[in-house]
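Student: Please take a close look at the surroundings of the bound ligand and the metal ion, and describe them in one connected account.

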Amino acid sequence: MPRVDVDRILHPRSVAVFGASDSKDKFGGRIMHFLVHHGFAGEIYPINPRRSDVAGHKAYPSIAAAPAPPDVAILAVPADALVTSVTEAAEAGVGCCVIISTGFAEAGDEGRARQSALVDVAGRTGTRLVGPNCMGLIVPHHHLALCSSVVLDTDRLRDGAIGLVSQSGALMVSIFDRAAEDGIGFRHCVSLGNQVDLEICDFVEYMVEDPGTEAICVYVEGLLDGERFRRCAAAARRAGKPLLIIKTGRTAAGVVSARSHTASLAGSFEVFAAVGREEGAVIARDPDDMVRAAHFLVRHRRPRRGGVGILSSSGGAAGIACDRVSELGVPLAKLSPATRTQLEELLLPPQAMNPIDLGGRKKPEDVEIAGETARLLFDDPDVAYGLVILTSMPFFARRTKMIGEAAQAADKPVMMTLTPGAAANAPRQALRDLRQFYFDRSEDAFRVLAILSEHDALRAAPAAAPARPPDLPAAGALGALSAGSLTEAEVKRLLAAYGVKVAREATAPTPEAAGEAAARVGFPVVLKAISRDIVHKSDVGAVRLGLASSDAVATAAREMAAALASEAPETRLEGFSVQETVAGEAEIIVGARRDPQFGPVVLVGLGGIAVEILKDVALAPAPVSSARARDLLDSLAAAPLLHGARGRPPLDLDAVVDAVVRVSWLAADLGARLVDLEVNPLIVRRAGQGAVAVDGRGTLTDSHTEEHST
Ligand code: ADP
Ligand code: MG
């Protein structure tokens with residue numbers, strides 16, 4: 001049984017510091033110093049056999065000699081002494097050991113053995129572990145600094161409502177310090193390191209429940225339990241708390257098979273991002289962006305709808321802002337007639353619209369106009385976000401202050417940027433006095449705006465479980481399927497059973513039989529070699545299109561067999577497939593794969609031979625609803641083409657949506673047997689005329705195969 005819970009670890013009544021000293025050159029010395037300096041109000045037990053007191057606190061020769069077992073002990077002792085120290089702490093009844101020491105699983109075989117010894121101690125005694133290889137905790141609202149980093153060399157720990165959970169310790173302290181510079185504080189920051197016991201999800205779950213935490217930022221490299229993380233994200237959404245995540249490790253780890261495009265396009269990062277989006281979490285790219293966005297989301301918790309209202313002292317800066325926000329997919333707000341009428345009293349008509357150029361004042365000498373204009377803009381009902389870019393202007397500091405006051409009064413996030421260098425120092429000070437956050441570079445503001453707008457859009461979409469289409473076979477009806485790679489015909493049988501339209505085809509064992517079968521299929525036909533050894537048939541000449549007679553088919557089949565025998569003699573030819581020629585307007589890929597962390601995912605994109613080059617695909621956890629499948633299609637760069645841009649006919653997107661939904665259910669029903677499955681291409685006809693799968697590829701596995709987490 002664990003002795004303490006996460007709440008007790010973040011709010012300990014007593015703390016022991018192993019290796020405590022007065023020397024700030026040592027880990028134990030710095031930890032001790034910061035713990036005392038930042039005013040921790042509980043008991044402090046320095047552990048040091050050579051000292052009678054440290055930093056004004058009575059020291060103890062061993063943890064067993066301390067007057068009572070502390071809730072938390074922090075250890076920065078050398079790796080080879082660590083297991084002994086942790087064992088002593090555990091046996092003395094310590095609730096949780098925060099282990100700063102390095103030299104564990106990240107450091108080879110010897111380290112791995114030490115790490116498993118730690119796990120044993122925790123399991124045997126019930127003491128909890130944070131780390132090793134972490135930087136500890138910073139809990140400003142509890143005046144608790146359990147960390148040796150120089151960033152704690154400050155007057156005070158800035159408190160706030162943001163929780164930060166970071167796998168990396170160095171990143172945690174850097175984020176903490178940068179945020180402090182920005183005037184942004186945290187409720188608690190935790191670094192997890194190797195996560196031998198307590199892991200990221202333990203703290204995220206806690207912060208979702210903790211009434212004082214209003215937004216959660218996470219830096220994650222690898223998850224121990226994908227499903228648990230997904231549940232955390234869903235809980236954060238239900239609690240109305242923004243969850244912002246940075247995920248590294250965009251590698252191909254976890255991709256079991258590279259036999260399909262889906263396997264390489266739906267890598268572990270892409271799947272993580274898709275699952276995050278599905279649960280309303282935003283994946284950010286930069287830690288400072290993440291924290292700044294969290295700052296705005298905490299200040300303005302009301303859901304928003306609408307676009308961005310831009311105000312600048314420069315027509316040029318306003319123009320850049322317009323271009324960039326539209327590239328980032330954030331709409332410009334359409335100001336109401338009432339707002340425009342009021343703006344026209346202050347500004348010349350061309351400037352009295354979004355974006356507003358403050359240079360176009362009717363009375364150029366009127367200083368007050370800056371504040372009034374800002375207020376009118378921020379109050380417009382279609383403005384969900386304010387974006388202010390100030391270059392320089394007469395009465396720079398005074399006008400900046402007025403705009404800052406309007407930003408403070410607005411019940412929506414306003415991102416202010418002061419672009420000049422030293423010339424903006426006085427205006428910056430004016431904003432700091434107002435406690436109005438500002439940016440120094442407009443690009444930083446654009447990225448934060450994009451995060452806010454994505455967050456709001458994700459949270460506005462309802463979280464609904466998809467309904468199973470009534471005409472699908474029962475989930476358990478798939479029956480026995482052999483493991484390994486499937487032939488095109490085997491995949492198409494599965495697809496057809498799930499209601500996906502497939503090209504009419506006949507299979508034939510010999511070239512002559514293929515010729516005869518072609519007459520029954522109807523000319524012109526497509527001929528393909530059947531072999532589970534071939535991954536991409538066109539690459540080896542195993543697809544022939546437009547064959548118009550039985551003779552042509554038989555001849556082509558003989559040529560195909562001969563070419564395969566000479567160029568790829570190990571290929572086992574199982575016969576030939578003769579298919580109707582499907583005419584259409586576009587080739588789409590619909591794929592599915594089972595991710596070892598998150599289970600089945602479905603992917604849709606522009607198919608054909610360009611798929612891996614253009615990478616114009618979108619994915620989501622399977623199964624998906626029709627609405628989600630349509631969102632995926634609409635998110636493709638090629639979406640306008642599918643909708644009929646530039647004189648092209650609109651395509652049957654309903655049929656594509658239907659195929660995506662059905663493939664997603666097939667993937668879900670295949671369960672642990674699925675490795676990957678792919679339709680490439682699904683040939684799409686004009687609106688109302690359907691879509692047909694002409695190629696299928698798939699790999700299944702023995703469902704008992706051990707799965708490894710990434
Ligand atoms: P592979 O992907 O293994 O190279 P495909 O079966 O996808 O082989 O065939 C290659 C291409 O030939 C397809 O992308 C499609 O353009 C075309 N094609 C294949 N089958 C048909 C068919 N039945 N009707 C029309 N075109 C087809
Ligand atoms: Mg293909």
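**The ligand site and its metal**

Tutor: Around ligand 1 there are 18 residues, and those that come nearest are Lys-528, Lys-537, Ser-538, Glu-587 and Asp-695. The model is a predicted one, and the distances below should be read as values computed from it.

Three polar contacts can be set out for ligand 1. A polar backbone atom of Lys-537 is 2.8 Å from an oxygen atom of the ligand. At Val-582 the protein partner is again a backbone N or O atom, and it lies 2.9 Å from a nitrogen atom of ligand 1. Asp-695 takes part through its side chain, with an N or O atom 2.9 Å from an oxygen atom of ligand 1. The protein buries 86% of the 530 Å² that ligand 1 exposes when taken alone.

As for secondary structure, the elements that give two or more residues to the shell around ligand 1 are the strands β22 (525-530), β23 (543-547), β24 (575-580) and β28. Strand β28 gives three residues, the largest share of the shell. By class, the shell consists of seven nonpolar, six charged and five polar residues.

Asp-695, one of the residues that come nearest to ligand 1, also serves the metal. The magnesium ion, ligand 2, has as its protein donors Asn-680 through O and Asp-695 through OD, at 2.1 to 2.2 Å. Asn-680 belongs to strand β28 (residues 674-684), while Asp-695 sits in the loop between β29 (691-693) and β30 (696-700), so the two donors tie together parts that are 15 residues apart in sequence. Both Asn-680 and Asp-695 are buried. Strand β28 therefore carries the donor Asn-680, and β28 also gives residues to the shell around ligand 1.

One backbone feature belongs beside this account. The peptide bond that joins Phe-523 and Pro-524 is cis, with omega about -10°. Pro-524 is in the loop between α18 (511-521) and β22, and β22 is among the strands that give two or more residues to the ligand shell. A second cis peptide bond runs from Ala-622 to Pro-623, with omega near 0°; Pro-623 lies in the loop between β27 (617-621) and α21 (626-634). Most peptide bonds are trans.

Definitions and conventions:
Residues are numbered from 1 along each chain as its sequence is written. Chains are lettered from A and ligands numbered from 1 in the order in which they are written. This is a predicted model: local features need pLDDT of at least 70, side-chain atom pairs count only at pLDDT 80 or more; totals for chains, interfaces and linings use all residues. Side-chain values use heavy atoms; hydrogens and water are left out. Donors are N, O and S atoms within 2.8 Å of the metal (3.2 Å for Na, K and Ca); water is not among the atoms, so sites may look incomplete. Helices (H or I, at least four residues) and strands (E, at least two) are DSSP runs, numbered from the N terminus. Buried means under 20% relative accessible area, exposed over 50%, partly exposed in between (1.4 Å probe, protein chains only). A residue is near a molecule or strand if one of its heavy atoms lies within 4 Å of it. A polar contact is a pair of N or O atoms within 3.5 Å; within protein, one must be able to donate a hydrogen and the other to accept it, and residues adjacent in sequence count only if both atoms are side-chain atoms. Accessible areas come from the Shrake-Rupley method with a 1.4 Å probe; for residues, only the protein chains shown count as cover. Ala, Val, Leu, Ile, Met, Phe, Trp, Tyr, Cys and Pro count as nonpolar, Asp, Glu, Lys and Arg as charged, and the others, Gly among them, as polar.
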